[in-house]
Amino acid sequence: MTDAKTSQVQAETAQSVGARMSRILSAADEATLDSAVETCLEELGRYTEVDLAFVVLVDDDDRIRDMWEWVRPGQPQQRPPVGARLGEVFGSATGFLRLGRTLAFDDVRTVDFSPAERALANANGGLVASAMVPVMLGTELLGFVGLQTSQEPRHWTPTVIGEVERFADLLVRLSTRTRQRSALAVANARARRIAEYIPDGLLLLTSSGVVSWASPSFLIMAGVSAKEIEGLMAVEFVCPTDRSDFDRQLERLGHAGDDGSATVRIRAANGQWRWADLSFRLASDPDLGVPDEIVVTVRDTHERHVRETRLERESDLDPLTGLANRGAFDRFVEHLAVLDANVLVAFCDVDDFKRFNDELGHDKGDEMLRRVARAIERSVRTGDVAARIGGDEFALILVGVETEAEASRLGARLVETVRSVAPQVGPRLTISVGVCGPGPAAEAARMLRKADEAMYMAKRAGKDGWVRSDWSSVG
């Protein structure tokens, strides 16, 4: 066979071997890495007709981190131990490999080695011919691929060296891919552990509020699976009456990009609504080319909210009558200052209350105040406010009143209702009432003063009655 024909056959054979190794390594992952490399080494060793084909991976400390090899049957196996320094096994070749240079010796017996390196070559199974191709990642030496014969010299043709270099290139890609997958797996595992052990729920939302990911803690809170929640609008898990606050935070993030917070009720695993504190943050990484996301932290604060609400309610109540106290009433008046509505106010005072205390004692006097409070409470609607603002003084504010006729009805209703709860014996229980309005909610404080004046007019008129003051006469 001519030299040209021989070269052609070698090239075709190399191409076939290279294709098989490429398929094997391309399909490998971290779990199948060992078997893939060993299979390729056998392909490479038989193709090149060597006694030993090996792959060495190195660490940053110039030590052998891992090693695979194929040994021709019948040949001695002398694998260097993992952890051995490269220089102790491969001598000065290590420095050239770190520079990315391929080393090929047809007959090491003719090379001018130092006595120490000559002894090293003899110790490696009577080494005669050797070729080593570095596996590089940029300027970093990951390891190298080696071929050795121990019987006779060998001429390393460009075809053979080229095939070894292609194998080394495949190893670089495999090593890089495996590293990336390992790093990603570690990152994912850490993120999963963090998400699992953080008690607060976490949601990732698209810019339009669609759930793209939910942490295990949130799934437990809501009693849903990841498949059930991903792709839904996050607002669906918020109590309908609180959804405006939730939507307002999303809109704020979209326009200003500022962090936000809200306290809303979310649907719990038992189907009930539970209070939760939400924190909103816009995650934007334009340099990475990934879309913006909204990170929502969900902290279950139901027990705290209920406790605080109960304490706040209790602090706003008059302990004797159960009506709102003066402080709560004043705050409600301040709240009305920005309300676009009409209100009706009334001021009530128990007639001759001192007689109850003097003739019946303070315990009976307190009982009379409680009777008056119950009568007044029955005279107002849900959403209106009735308060005890002094010893025997009461005030009311009705919201959303439009007609003067309602003012007259309120005054008469208060007087008649108190009469109906009066005890059968003892002093007569009556009240005097002053009414003002309806008028703008923003004028509630001034209207209350006018109602107080009207109440004294009812006192002077004989008590047990009511007087109305027109709001337009407020100065």
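How many helices and strands does the chain have? The chain has 15 helices and 15 strands. Both are DSSP runs, numbered from the N terminus: helices are H or I with at least four residues, strands are E with at least two. This is a predicted model, in which local features need pLDDT of at least 70 and side-chain atom pairs count only at pLDDT 80 or more, while totals for chains, interfaces and linings use all residues. Residues are numbered from 1 along each chain as its sequence is written, and side-chain values use heavy atoms, with hydrogens and water left out.

**Whole chain**

- Of the 475 residues, 43% count as buried. Buried means under 20% relative accessible area, exposed means over 50%, and partly exposed lies in between, with a 1.4 Å probe and protein chains only.
- About 25100 Å² of the chain is exposed, and carbon and sulfur atoms supply 51% of that area. The areas come from the Shrake-Rupley method with a 1.4 Å probe; for residues, only the protein chains shown count as cover.
- Among contacts with a separation of 6 or more, 60% are between residues 24 or more positions apart. A contact means heavy atoms within 4.5 Å.

**Helix α15**

- Helix α15 covers residues 444–460. Its 17 residues should span 24 Å at 1.5 Å a residue, and the end C-alpha atoms are 24 Å apart, which agrees. The expected span is 1.5 Å times one less than the number of residues.
- The buried residues of α15 are A444, M447, L448, A451, A454, M455, A458 and K459. Seen down the helix axis, they fall within an arc of 150°, so they line one face of α15. The arc is that of the directions from the helix axis to the C-beta atoms.
- R449 and R460 are exposed, on the face of α15 turned away from its buried side.
- The cover over the buried residues of α15 includes helix α11 (326–336). Strands β11 (342–350), β13 (393–399), β14 (431–440) and β15 (466–469) also belong to that cover.
- Just after α15, G462 takes a positive phi of about 120°.

**Helix α2**

- Helix α2 runs over residues 33–48. For its 16 residues the expected span is 22 Å at 1.5 Å a residue; the end C-alpha atoms are 22 Å apart, in agreement.
- Buried in α2 are L33, A36, V37, C40, L41, L44, G45, Y47 and T48. These residues cover an arc of only 160° around the axis, which puts them on the same side of α2.
- E49, just after α2, has a positive phi of about 55°.

**Salt bridges**

- Side chains of opposite charge can pair when their charged atoms come close.
- A search of the whole structure finds 32 salt bridges. The criterion is a side-chain nitrogen of Lys or Arg within 4 Å of a carboxyl oxygen of Asp or Glu.
- E163 and R166 meet in a salt bridge at 2.4 Å, N to O. Both lie in helix α6 (residues 158–197), 3 residues apart, about one turn of the helix. E163 counts as buried at 1% relative accessibility. R166 counts as partly exposed at 46%.
- K459 and D351 meet in a salt bridge at 2.8 Å, N to O. K459 lies in helix α15 and D351 in the loop between β11 and α12 (353–360), so the pair ties together parts that are 108 residues apart in sequence. K459 is buried at 17% relative accessibility. D351 is buried too, with a relative accessible area of 1%.
- R413 forms a salt bridge with E406, and the closest N and O atoms are 3.5 Å apart. R413 is partly exposed at 29% relative accessibility, whereas E406 is buried at 18%.
- Salt bridges that share partners join E367, R370, R371 and R374 into one network.

**Backbone details**

- A cis peptide bond joins G437 and P438, with omega about 0°. P438 is in strand β14.
- D62 has a positive phi near 60° and is not a glycine. D62 sits in the loop between β1 (52–58) and β2 (64–71). Its relative accessibility of 27% makes D62 partly exposed.
- D352, also not a glycine, has a positive phi of about 50°. D352 is in the loop between β11 and α12. At 36% relative accessibility, D352 counts as partly exposed.
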